[in-house]
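Walk through this structure from its interior to its strands. The text below takes the cores, then the sheet, then the hairpin.

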Amino acid sequence: MKNKLIAIMTFSVLILASCNRPKEKKVAVIEEANVKTVNLEERGEYLVSIIGCADCHTPKKMTAMGPVPDMDRYMMGFDSSGALPPIPENVPLGPWALFAGDLTAAVGPWGTSYAGNLTPHETGIGSWTLDQFKKAIKEGKYKGLDGSRPIMPPMPVEAYRSMNDEDVEAIFAYLKSLKPIENVVPVYIPPTS
């Protein structure tokens, strides 16, 4: 009888101990199920949206609510079929910077800069590698090439230097998924005296 009692008590302790373990496993399974995996292009689209890439890299069209991005020309940069208006003589560059009405070009003490074509067309970033894109974004190198000139304002290179490589890769993947648009953006013009 004593052996049966010890066996029943041992069996009861084991059952009670094992009853608590599945709860821990269920919590672990629930925690794993709550982890959301995000597609690289979706992450890139989100980042492009929140950091405002289209603000400068997409021509605008005027609406009753003011200028809005022209989604037919999304990320094509400054429209090379147009021209900048003349710079007013009464605006001293240095204390002032001027933007084109659609924000795709800027004139300031650095000269005249044009927003680049970020579509995957060969006139944009179509032939770029991820490494080139990283250098352009994080180091401010024109076309991501060593020995090239700096990317000029208003591109906020200083703000992007600390962007992690995974986010840069996501942005690149998203931009490479866009509709390619042929548009050779004019070259940067240094300041004149």
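In this predicted model, the largest nonpolar core is made up of 21 residues. Val 48, Tyr 74, Met 75, Phe 133, Ile 171 and Leu 175 are those with the most contacts inside this core. Four elements each give two or more residues to the core: helix 2 (40-51), helix 3 (53-57), helix 4 (130-139) and helix 6 (165-176). Of these, helix 6 supplies the largest share, with six residues. As background, nonpolar side chains in soluble globular proteins tend to be buried together.

Tyr 74 is a useful place from which to look around. Leaving out residues up to four places away in sequence, Tyr 74 touches Val 48, Ala 54, Thr 58, Thr 119, Tyr 174, Leu 178 and Ile 181. Val 48, like Tyr 74, is listed among the core residues with the most contacts. There is also a second, separate core of five residues, including Phe 78, Ala 100, Tyr 114 and Val 185.

The strands come next. Strands of a sheet pair through backbone hydrogen bonds, in either a parallel or an antiparallel sense. Here an open sheet is formed by three strands in the order 3-4-5, with antiparallel pairing. Strand 3 (98-99) and strand 5 (111-114) are the edge strands, and each pairs on one side only. Between strand 4 (residues 105-108) and strand 5, the antiparallel pairing extends over four bridges. Within this sheet, Val 107 stands opposite Thr 112 in strand 5.

Ala 106 belongs to strand 4. Is Ala 106 buried or exposed? Ala 106 counts as buried because its relative accessibility is 1%, and the cut-off for buried is under 20%. With residues up to four places away in sequence left out, Ala 106 touches Leu 98, Phe 99, Gly 111, Thr 112, Ser 113 and Pro 154. Leu 98 and Phe 99 make up edge strand 3 (98-99), while Gly 111, Thr 112 and Ser 113 fall in edge strand 5 (111-114). The chain also brings Ala 106 and Cys 56 to a C-alpha separation of 9.5 Å, although they are 50 residues apart along the chain.

A further strand pair remains. Strand 1 (residues 60-63) and strand 2 (residues 66-69) run antiparallel and are joined by four bridges. The connection between strand 1 and strand 2 is a hairpin through two residues. Lys 61 stands opposite Val 68 in strand 2.

Note on methods: Residues numbered from 1 in each chain as written. Predicted model: local features only at pLDDT ≥ 70, side-chain atom pairs only at ≥ 80, totals over all residues. Heavy atoms only, no water. Pairing = 2+ DSSP bridges. Buried < 20%, exposed > 50% of the residue type's maximum accessible area, 1.4 Å probe, protein only. Contact = heavy atoms within 4.5 Å. Core = buried A, V, L, I, M, F, W, Y, C linked by side-chain atoms within 4.5 Å.
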